[in-house]
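This report covers domains, a pocket, a helix residue and cysteines in one protein chain.

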Amino acid sequence: MTTVTSDLLRTLAYVDGAWAESDDGATFTVTNPATGETVADVPRMGATETRRAIEAAARALPAWRAKPAKERARILRRLAASMADRADDLAALMVLEQGKPLAEARAEIDYALSFYDWFAGEATRLDGAVLPSPWPDKRIMVTREPVGVTVGITPWNFPSAMVTRKSAPALAVGCTMVLKPAEQTPLSALAIAALAEEAGIPPGVFSVVTGDAQDAPVIGGEMTSNPLVRKLGFTGSTEVGKLLMRQCAEHVTKLSLELGGNAPFIVFDDADLDVAVSSALVAKYRNSGQTCISANRMFVQSGIYDAFLDRFASAVRALKVGDGFTDGVQVGPLIDRPAIDKVEAHVADAVEQGAEVVTGAERIDGQFYRPSILTGVTASMRMSSEETFGPVAAISRFDAEEDAIAAANATPYGLAAYFMTTDLGRTWRVGEALEYGILGVNTGLISTEVAPFGGVKESGIGREGSSFGVDDWVELKYWAVGGIEGAG
Ligand code: ADP
């Protein structure tokens with residue numbers, strides 16, 4: 001058993017600057033998806049503990065928002081630096097609870113901490129405006145203010161980055177936050193809380209409440225019904241996102257949602273084959289296909305189809321599957337039993353409807369699934385309309401550009417889309433026609449703190465990261481200032 005004997009392995013929640021058990025002392029178990037072994041037991045919290053954390057966030061708000069942005073930025077940069085110093089421990093902890101290969105976990109820590117750095121800078125540039133006034137004796141000013149007490153709910157596929165992508169902009173602009181990490185991966189969030197405490201983030205400004213799958217609706221219920229909360233940032237399934245959106249209607253709580261995707265990956269005849277294959281590998285198999293921007297449907301044009309499939313299949317057969325701690329492993333386990341059951345069900349459904357297995361399509365053991373390719377995938381198969389969230393490439397052949405675009409857009413989702421082409425005209429035509437928030441053109445790797453991440457249609461509301469990402473955490477205040485003597 002691989003263990004992390006680190007001061008960053010915290011098994012208590014972090015509420016109002018103190019490490020806390022649940023009120024009744026109940027805990028739930030965090031399991032290593034590669035081995036099935038217990039990693040830790042963590043508090044099962046509910047409405048009361050969540051309310052306490054929200055009230056603490058409300059108490060902490062006036063002093064935190066009153067600090068000069070430069071001072072908040074200094075603290076957040078300290079937090080980023082300590083995440084960098086402790087990156088190896090943080091990555092190991094992530095592999096233990098989430099399963100991804102160590103190199104991917106290490107890359108996620110770099111990505112995660114970049115949000116504290118980025119938004120530390122953004123907050124110090126948070127300016128307003130003075131607008132031309134239509135009145136001689138009045139002036140018009142617009143200021144930007146933190147929305148107030150916020151809450152975050154995050155998923156298990158990026159246990160650190162989803163926490164920082166929400167808390168960094170919130171804290172940087174002067175909001176406070178209560179965060180609930182996914183039940184599968186609370187330890188990465190608690191480790192960040194430990195470093196936040198060390199970095200000097202005051203009590204109540206950032207709290208982490210933990211709970212299992214049964215507690216999630218209770219915690220989410222308190223978060224969305226408590227009138228102190230002004231904003232919810234959620235990343236997760238579209239189903240839960242819609243539920244939370246309905247709950248937020250009660251107090252018109254501001255909301256950003258990063259929900260499901262059904263990313264198309266289109267390879268045109270004029271694509272560079274090397275680029276198409278390497279991009280497809282990243283877009284499909286990173287994190288074992290468990291990302292909301294994973295290529296869920298691949299459309300390959302007839303002229304390049306055989307060459308692409310040949311090269312892609314050899315590359316996929318060579319992928320090394322195993323425990324994320326094993327050297328050279330590229331594909332780890334799936335997160336839990338329901339995840340692997342879903343992949344199996346999608347593959348069975350596709351095969352039953354006539355899809356052909358090029359490689360894989362089998363469970364190895366435990367929660368490991370062999371990287372797979374299916375061809376002849378059609379729109380009626382489950383894997384075309386639902387996120388498979390596993391290492392299965394679902395390929396269809398097409399002839400005309402407009403057919404690929406129509407198929408790509410034939411989904412209620414609109415997060416990321418990829419297309420491979422070397423034709424400039426086609427780049428613009430296809431890029432403008434795709435109804436997606438993010439485009440990967442000749443690349444499968446698109447996430448960076450510098451760019452706005454987010455979707456259209458049922459994939460969500462709002463953007464995370466970049467200078468645009470600040471907007472979701474601030475409110476505009478318009479000042480009409482009259483009574484200006486002697487003006488005009
Ligand atoms: P996934 O399918 O990726 O697990 P979910 O939407 O179920 O996506 O989970 C994402 C996050 O939402 C997790 O932190 C989970 O605990 C939380 N969650 C699930 N159901 C609810 C709910 N009813 N209210 C609030 N949070 C929820």
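The sections below take these topics in turn, for a model that is predicted.

## Domain layout

The domain assignment divides the chain into domain 1 (13-259 + 459-477) and domain 2 (263-441). Domain 1 is thus given as two segments, 13-259 and 459-477.

Between the C-alpha centres of domain 1 and domain 2 the distance is 31 Å. The two domains are in contact: 23 residues on the domain 1 side meet 24 residues on the domain 2 side.

## The second largest pocket

The volume of the second largest pocket is about 240 Å³. Its lining consists of K100, E104, A107, E108, Y111, F158, V282, R286, N287, L445 and S447. Sorted by class, the lining of this pocket comprises 5 nonpolar, 4 charged and 2 polar residues.

Which helix gives the most to this lining? Helix α4 (residues 102-124) does, with 4 residues. Both domains take part, since the lining of the second largest pocket draws at least three residues from each of domain 1 (13-259 + 459-477) and domain 2 (263-441).

## T164 in helix α5

Helix α5 spans residues 161-173 and includes T164. Is T164 buried or exposed? T164 is buried, and its relative accessible area is 0%.

Leaving aside residues up to four places away in sequence, T164 touches M83, A112, F115, Y116, P169 and I192. One of these, P169, also falls within the residue range of helix α5 (residues 161-173). Three others, A112, F115 and Y116, have numbers within the range of helix α4 (residues 102-124).

## Cysteines without disulfides

How many disulfides does the structure hold? The number is 0. A disulfide needs a pair of cysteine sulfur atoms within 2.5 Å, and the distances for C175 and C292 can be set against that cut-off.

For C175, the closest cysteine sulfur belongs to C248 and lies 15 Å away, so the gap is too far for a bond. C175 is also buried, with a relative accessible area of 0%.

For C292, the closest cysteine sulfur is again in C248, at 19 Å, which is likewise too far for a bond. C292 is buried as well, at a relative accessible area of 13%; that value counts as buried because the limit is under 20%.

Note on methods
Residues are numbered from 1 along each chain as its sequence is written. This is a predicted model: local features need pLDDT of at least 70, side-chain atom pairs count only at pLDDT 80 or more; totals for chains, interfaces and linings use all residues. Side-chain values use heavy atoms; hydrogens and water are left out. Buried means under 20% relative accessible area, exposed over 50%, partly exposed in between (1.4 Å probe, protein chains only). On a 1 Å grid over the protein atoms alone, a cavity is a set of points where a 1.4 Å probe fits but cannot get out, and a pocket is an open set with protein on both sides within 12 Å along at least five of seven lines; lining residues have an atom within 4 Å of a point. Grid points are joined across faces, edges and corners, and a volume is the space filled by probe spheres set on the points. Helices (H or I, at least four residues) and strands (E, at least two) are DSSP runs, numbered from the N terminus. Ala, Val, Leu, Ile, Met, Phe, Trp, Tyr, Cys and Pro count as nonpolar, Asp, Glu, Lys and Arg as charged, and the others, Gly among them, as polar. Domain bounds come from an automatic or database domain assignment. Contact means heavy atoms within 4.5 Å.
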